Structures are given as C-alpha cells and as structure tokens.
Amino acid sequence: MALQIDRIPNLGDNYSYLLVCQATGEAAVVDPAEADPLVGRLEACGAKLTKILNTHHHLDHCGANASLVERYDVPVYAHHSDAGRVPGFSHAVDDGDLVSVGQQAARVLHIPAHTMGHIAYVFEEAQALFCGDMLFAGGCGRIFEGDARMMYAALCEKLAALPDDTRVYCGHEYTESNLAFAVTVEPGNERLQQRYKRVQEIRARAAADWHDAKPDEMTIPSSIGEEKATNPFMRAPDADELGRIRSLKDAF
Ligand code: ZN
Ligand code: FE
C-alpha cells in the first residue's frame, strides 16, 4: 500500500508535508512551521500523527514542533548534532538510520552545508525524497554553516545517486526564481528553458495568500532526473564551480 503525501503551504513560501501510511493510517509531518494548517488536514483525513521529522533547525521548518508535541505528544526526529537547537528534539538520527511511518520506511541521509545537521529522508518504496533546504527544485539552499565541497558531496554525489524517478519534495516554493537564475547559467539548455516556461505558467495561477495555494499552482514535487537535467547546482562539474554559481545566486 502507498504513502499518501499531502503538501501543506506554510508561512510565505514554505512547504510542510503530511505523510500517511495508507495501510495503517499512521502519519508523520515533515518540517512543520505552523500548527493550524496541519491540524486541519489531520482532522479532515482522520490519520494519527505519530512523528515529527525535521530536516534542519531553522525555525521556518520546526517552528510548530512545540505546539504539536503539546497537542499530540509525538517524538521529534532530527540529526543528533541538532539536539540543542531543534524544539522538542527527542530522537537522534544519523546517516543510514531508518525511520518508519506505519509500514513505510525512510533512510536518513546526512547532507550538511545549508546547516551542519541537515538531513534528508528518502522513502525508497514510495520513491519520495524530503530534502529541506539543501536541494530545491531548480536550485539549492544557501551555504550558511558548511562549504561548497559539502554542498557538492550532498547534491552531486549523494542525492544524484538516487533513482531518477525519485520525487523531490523540498522546503520552499522557490522554483520560479531558481529557474530565472538557472537560465542565466545555462542559456543553451533546452530542457531547462522548457521547464522554466512550464513553471511560469503554473505560478501564474498562484493565489494571493500562499496558505490558500491549490495543488495546481505548486511546482513540487520535481524528480531527481529532472534536477539532474536542469538544475545547474546538481550539474556542477566540481565543488569550485558549484561554489562559484552559488555566490552568483546569492547576489542575483
Ligand atoms: Zn533553512
Ligand atoms: Fe527554509
């Protein structure tokens, strides 16, 4: 049976994700910034929240941890190095650990650079990757705590090794602005140009308030194959080049 994935708009452009194991009705939330939208979805679908899965310590990804723990008494999973800075932290994980949501299992990937304790969750059977602020659709996160070499190892080695049809669920709806930059890096990339056009059409439908966003205005998920074909950060030949285009993007 499947893993149902619900994309929940949070704050101004964040995504949190409600994951429900269809076989058991057990649910987990990835990166909750706001409690109310999630509580509403849970009540509507009748699933039982059993875990909070965090990708990193920034508050736009774990700001709702405390109120959800208070309400549902659920454990909070994050990288062991973030024990002191993820609210409600209770379960330390590291690279290679398995975390389950009902009958569905996720492997933890430690992918530092945006923050040193940044992790991703990859559900192999469900073919879904939750990668927070490291890999974005069409781009990548800022390098706040690590360096370009770490970002290269994360994007171009670890995440690039996942199957092409792995769906990519990232932490923000940044795709249009990422692609606006990407086309300046690779103006001759035909697939990138097509993707940029398609994403502009999708985002032209955007509601005034992100909280009201409908699925047809969301550009997430993409896929590992699509990122490998069109994301200049994932396509960087080495860490130096990735660092160079990251600096350009910081000033874009
Ligand atoms: Zn972040
Ligand atoms: Fe973020």
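These questions and answers concern the zinc site and Thr230 in a predicted model.

Q: What makes His56, His58, His114 and Asp133 donors of the zinc ion (ligand 1)?
A: Their atoms NE2, ND1, NE2 and OD, respectively, lie 2.1 to 2.4 Å from the zinc ion. The cut-off for a donor is 2.8 Å, so these atoms count. In sequence the donor residues are spaced H-x1-H-x55-H-x18-D. His56, in the loop between β4 and α2, and His114, in the loop between β8 and β9, are 58 residues apart.

Q: Why is the arrangement around the zinc ion (ligand 1) called irregular?
A: The four donor atoms subtend angles of 88 to 167 degrees. A tetrahedral site needs all angles between 85 and 135 degrees. The upper value of 167 degrees breaks that limit, and the arrangement is therefore classed as irregular.

Q: Which residue coordinates both the zinc ion (ligand 1) and the iron ion (ligand 2)?
A: Asp133 does, and the two ions are 3.4 Å apart.

Q: How do you know whether His56 and His114 are buried or exposed?
A: Buried means under 20% relative accessible area. His56 has 1%, so it is buried. His114 has 4%, so it is buried.

Q: Why is Thr230 called buried?
A: Its relative accessible area is 1%, which is under the 20% cut-off, so Thr230 is buried. Thr230 is placed in helix α7 (residues 224-230), and among the residues it touches are Ala182, Asn189 and Leu192.

Q: What makes the pairing of the Thr230 and Arg195 side chains a polar contact?
A: The distance is 2.8 Å. The limit for such a pair of N or O atoms is 3.5 Å, so the distance qualifies. The Thr230 side chain also reaches the backbone oxygen of Glu226 at 2.6 Å.

Key: Residues numbered from 1 in each chain as written. Chains lettered and ligands numbered in written order. Predicted model: local features only at pLDDT ≥ 70, side-chain atom pairs only at ≥ 80, totals over all residues. Heavy atoms only, no water. Donors = N, O, S within 2.8 Å, 3.2 Å for Na, K, Ca; no water. Tetrahedral: all angles 85-135°; square planar, octahedral: opposite > 155°, others 65-115°. Helix = DSSP H or I, 4+ residues; strand = E, 2+ residues; numbered from the N terminus. Buried < 20%, exposed > 50% of the residue type's maximum accessible area, 1.4 Å probe, protein only. Polar contact = N/O pair within 3.5 Å; in protein donor to acceptor, adjacent residues only side chain to side chain. Contact = heavy atoms within 4.5 Å. Lists of a residue's contacts leave out its neighbours within four places in sequence.
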